[in-house]
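Please read the structure below from its overall fold down to single residues. The paragraphs that follow it keep to that order.

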Amino acid sequence: MKNIATEVPQGCELCQSHHRSMFASLSGKQIVTLDAHKTCTRYRKGQALFHEGTRPMGLFCINRGTIKVFRIGLDGKEQIIK
C-alpha cells in the first residue's frame, strides 16, 4: 500500500475542499494546529470507518471518495441514511 503522505502532500490550508467544509471559519493558526495533529489514513472501498453504536475515534475529513451512512433496520437490512 502506498504511503498516504505522498498522496496528500498539501496541508489542510491548501485542501481544495477547505472552503466548503466546517473548517472554513477557522483562523490560519487554528488550521496549522489542526494540520500538525492530523493523521491521514487510506480506507478501501467498503471498509467501515466506525460502526453504529460505537463512538468514532476522532473527526473524519474526507479528502477524496464517497461515504455511505447507513443503519441496520429491524429487519436486518441496510437503510441508507445519506
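The text takes up the fold first, then the pocket, then a ring pair and one serine.

The model is predicted. Its protein chain contains two helices and two strands, and in sequence order these elements give the pattern α-α-β-β. The chain has 82 residues, of which 11% are buried, where buried stands for a relative accessible area under 20%. The exposed surface of the protein chain comes to about 7,500 Å², with 55% of that area supplied by carbon and sulfur atoms. As for how the chain meets itself, take the contacts with a separation of 6 or more: 31% of them join residues 24 or more positions apart.

The next topic is open space. The largest pocket has a volume of about 2,000 Å³. Its lining consists of 48 residues, and those closest to the pocket centre are Tyr-43, Leu-49, Phe-60, Ile-62 and Ile-67. Three elements give two or more residues each to this lining, namely helix 1 (4-7), helix 2 (28-36) and strand 1 (70-72). Strand 1 provides the largest share, which is three residues. Sorted by class, the lining holds 23 nonpolar, 15 polar and 10 charged residues.

Phe-60, listed among the residues closest to the pocket centre, also appears in the next feature. The structure holds one aromatic pair. Its members are Phe-50 and Phe-60, whose ring centres lie 5.9 Å apart and whose planes meet at 25 degrees, so the pair is stacked. The reasoning rests on two cut-offs: ring centres must lie within 6.5 Å to pair, and planes under 30 degrees apart count as stacked. Phe-50 and Phe-60 are 10 residues apart, and each is in the loop between helix 2 and strand 1. How far is each of these rings' residues covered? Phe-50 has a relative accessibility of 45% and therefore counts as partly exposed. Phe-60, at 32% relative accessibility, counts as partly exposed too. Both values fall in the range between the 20% limit for buried and the 50% limit for exposed.

The last stop is Ser-27, which sits in the loop between helix 1 and helix 2. Its relative accessible area is 35%, so Ser-27 is partly exposed. Along the sequence, Ser-27 and Glu-13 are 14 residues apart, while the C-alpha to C-alpha distance in space is 9.9 Å.

Key. Residues are numbered from 1 along each chain as its sequence is written. This is a predicted model: local features need pLDDT of at least 70, side-chain atom pairs count only at pLDDT 80 or more; totals for chains, interfaces and linings use all residues. Side-chain values use heavy atoms; hydrogens and water are left out. Helices (H or I, at least four residues) and strands (E, at least two) are DSSP runs, numbered from the N terminus. Buried means under 20% relative accessible area, exposed over 50%, partly exposed in between (1.4 Å probe, protein chains only). Contact means heavy atoms within 4.5 Å. Accessible areas come from the Shrake-Rupley method with a 1.4 Å probe; for residues, only the protein chains shown count as cover. On a 1 Å grid over the protein atoms alone, a cavity is a set of points where a 1.4 Å probe fits but cannot get out, and a pocket is an open set with protein on both sides within 12 Å along at least five of seven lines; lining residues have an atom within 4 Å of a point. Grid points are joined across faces, edges and corners, and a volume is the space filled by probe spheres set on the points. Ala, Val, Leu, Ile, Met, Phe, Trp, Tyr, Cys and Pro count as nonpolar, Asp, Glu, Lys and Arg as charged, and the others, Gly among them, as polar. Rings of Phe, Tyr and Trp (its six-membered ring) pair if their centres lie within 6.5 Å; planes under 30 degrees apart count as stacked, over 60 as edge-to-face and the rest as tilted.
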